[in-house]
Amino acid sequence: MNRVCVINVVGLTPSLLSEAPNIAAAGNVSPWKSPLPAVTSTCQATMLTGSLPRDHGIVGNGWYYRDTQEIRFWQQANSLVQGKKFYEGFETAKLFWWFNQSAPVQYSATPKPHYGCDGSKVFDILDFTECCLTQRLGPFPFFTFWGPHSGLACSRWIADAASIVLREKRPELSLVYLPHLDYDFQRFSEPSMSRVREVDECAKTIIDAAADVDTEVVIVSEYGLTAVDQPVFLNRELRREGWLKIRSGPFGEMMIPGECDAFAVCDHQLAHVYVRQPEQMEEVQAKLQSVPGVDRVVAAEELGLDHPRSGELICLAKPNAWFAYYYWLNDDVAPDFARTVDIHRKPGYDPCELFMTSKFRAMRKLVRKKLGFRYSMDIIPLDPSLVRGSHGLMTAPDRGPLIIGSGDLPTEMCGFSSYVQERLRRQG
C-alpha cells in the first residue's frame with residue numbers, strides 16, 4: 001500500500017506557481033475543472049465523493065433548510081455529504097478539511113469553539129489525532145483562521161500539526177487544508193505575492209514530513225479568485241418588489257425566510273434563489289435578470305445543482321461582480337450580527353468580515369470584555385465596496401484551480417476520488 005498526503009492550498013492557481021517553488025516541484029501540474037459553485041464546501045464534497053452537487057447535496061457553503069425554515073452556513077457534520085467518501089477503508093488523517101465532525105477517519109482535527117449558556121464563546125479545536133496538538137504547539141490561532149486578523153498563523157499551525165501527525169502516526173492517507181492564501185485575494189485586487197511564498201513554506205513543512213515517512217504528495221486547490229468591483233444586492237431588489245418578509249425588533253431587522261415569496265442565499269458569485277410559488281418563477285427570474293451585475297438566472301438543473309437543498313433559481317454574477325447578502329435598506333436598522341464576525345447567523349457569506357472599522361474600536365471592546373462588562377464585538381464595516389476579490393464561477397485555466405501530482409492527473413474534480421484511490425493502491 002502506498003501512502004498519500006493531499007495538501008489543499010486554497011486559492012492557488014497555475015499563474016501563481018512561479019512564487020511557490022516547493023509546491024511546483026511536487027509533481028506534474030494541471031489545471032482542472034471545479035463544479036458550480038466553485039466554493040470550498042462544494043468543491044471539497046465533489047473531490048471526496050467523485051460526484052456532482054446534485055448527488056452529494058453540498059450545493060454551496062450554505063443553503064436554506066426547508067424543514068426548519070433556516071438558512072445555515074458552514075456546517076461541519078460529515079453526515080451532510082451524501083455518498084461514500086474516497087478515504088473510507090483507508091487509515092486516514094483528516095486535518096482541517098471541511099465536513100470533519102464525526103467523519104469515519106482514524107485521526108482528525110477541526111475548529112470547534114466551546115459555547116456557554118450566556119452566549120460566551122471560547123475558541124478551541126476538536127483534536128482526535130492522539131498527538132496532543134494544542135499542548136505541543138500552543139492554542140490554535142483561531143482569530144487568524146477567519147475575521148479581520150486572518151492570515152499566516154493559522155496555516156503555519158496546521159502545517160506544523162500535520163507534520164507531527166505524519167511522522168508519528170504514518171497514516172495511509174492524509175488530508176491537510178492550508179487556508180490563508182485565500183484571505184488577501186479577497187481583500188485586495190492585487191494582493192502581495194508574499195502570501196504565495198508564505199503558503200509555499202507551509203507546504204514545504206508538510207512535504208518534508210511526508211518525505212520522511214515515504215508518503216507521496218498530491219497538491220490541489222479548489223478555485224482561483226478574480227478581481228471584483230461591484231457588489232450586487234439581490235435581496236434588496238426582492239424586498240423592493242414585496243417578496244421579502246422582514247421582522248423589525250430590538251436587534252434590527254431580521255429576515256423571515258419561511259414567510260418570503262422569494263429570497264436569495266448569496267455565496268460569493270452564485271446565489272440560490274428560493275421561490276415559494278411556482279407561478280411566480282418567471283416574474284422573479286425576469287426581475288433578477290434585469291439587475292446590474294447579474295449575468296444569468298437559470299434553473300438549478302442547468303448547472304448540476306438540481307438537489308432538494310438548492311433554490312428553484314440560480315443567479316450567476318458577471319465576472320467583476322459578487323452577491324452581498326444584505327436585505328435591509330438602511331444601515332440604521334441592520335441586524336446586530338451584521339457588524340460582527342458571525343458566520344453561522346448570517347443568511348449569506350460575508351467577506352466584509354475580513355475587515356474592521358478601526359483597531360481602536362476593537363481594543364475598546366476587548367477592554368470591556370476583560371473588565372467583565374457586556375459587550376458586542378461590532379467592528380465589521382457595512383461596506384461591501386471594500387471587497388476586491390471573489391470566486392464561485394468558472395475561470396480561465398491559468399487563473400483557476402489546479403492539481404499537482406504523479407501519474408495521470410484528473411481534468412475534473414469529479415475524477416479525484418478515483419485518482420487518489422489508484423495512487424493509494426499502487427505498490428509503494
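This is a short tour of a predicted model, one selection at a time.

**Stop 1: strand β1**

Select residues 3-9, which make up β1. This strand is mostly covered, with 6 of its 7 residues buried. Now add residues 215-220, strand β11: 6 bridges join β11 to β1, and the two run parallel. To check the register here, look for Cys 5, which stands opposite Val 217 in β11. Then bring in β10, residues 173-178, which also pairs with β1 in the parallel sense over 6 bridges. Here the pair to find is Val 4 opposite Leu 173.

**Stop 2: Val 6 and the core**

Stay where you are and show the side chain of Val 6. What does Val 6 touch, leaving aside its neighbours within four places in sequence? Its contacts are Trp 97, Leu 173, Ser 174, Leu 175, Val 176, Val 218, Val 220, Phe 416 and Val 420. Val 6 also belongs to the largest nonpolar core, a set of 140 residues. Along with Ile 23, Phe 96, Leu 178, Leu 234 and Phe 416, Val 6 touches the most other members of that core. Colour those six and you have a handy set of landmarks.

**Stop 3: helix α5**

Which element gives the most to this core? That is α5, with 9 residues. Select 152-169 to see the helix, and put a distance between its end C-alpha atoms: they are 26 Å apart. The 18 residues of α5 should span 26 Å at 1.5 Å a residue, so the helix has the length expected. Next, highlight its buried residues: Cys 154, Ser 155, Trp 157, Ile 158, Ala 159, Ala 161, Ala 162, Ser 163, Ile 164, Val 165 and Leu 166. While you look at the spacing, recall that an α-helix has 3.6 residues a turn, so residues three or four places apart point the same way. Just after α5 comes Arg 170, with a positive phi near 45°.

**Stop 4: the four-stranded sheet**

Move on to an open sheet of 4 strands, in the order β16-β17-β19-β18 with antiparallel pairing. Its edge strands are β16 (262-267) and β18 (294-299), each pairing on one side only. From one strand to the next, the twist averages 25°. Now select 281-289: this is helix α9, which packs on the sheet and touches β16, β17, β18 and β19 (313-317). The direction of α9 makes about 160° with that of β18.

**Stop 5: β16 close up**

Zoom in on β16. Is this edge strand enclosed or open? All 6 of its 6 residues are buried, so β16 is largely enclosed by the rest of the structure. Both faces are covered: Ala 262, Ala 264 and Cys 266 lie on one side, and Phe 263, Val 265 and Asp 267 on the other. That fits the usual pattern, since in a regular strand the side chains alternate between the two faces of the sheet.

β16 is joined by 6 bridges to its antiparallel partner β17, residues 270-275. Two pairs to label are Phe 263 opposite Tyr 274 and Cys 266 opposite Ala 271. The hairpin between these strands has 2 residues, and His 268 there takes a positive phi near 65°.

**Stop 6: Glu 353**

Finish in the loop between β20 (321-323) and α10 (359-370), where you will find Glu 353. Its relative accessible area is 1%, so this residue counts as buried. Beyond its neighbours within four places in sequence, Glu 353 is in contact with Trp 146, Gly 147, Pro 148, Thr 340, Val 341, Asp 342, Ile 343, Lys 346 and Ile 380.

Methods
Residues numbered from 1 in each chain as written. Predicted model: local features only at pLDDT ≥ 70, side-chain atom pairs only at ≥ 80, totals over all residues. Heavy atoms only, no water. Pairing = 2+ DSSP bridges. Axes fitted to C-alpha atoms, helices over the stretch in contact; angles between N-to-C directions. Contact = heavy atoms within 4.5 Å. Buried < 20%, exposed > 50% of the residue type's maximum accessible area, 1.4 Å probe, protein only. Expected span 1.5 Å × (residues − 1). Core = buried A, V, L, I, M, F, W, Y, C linked by side-chain atoms within 4.5 Å.
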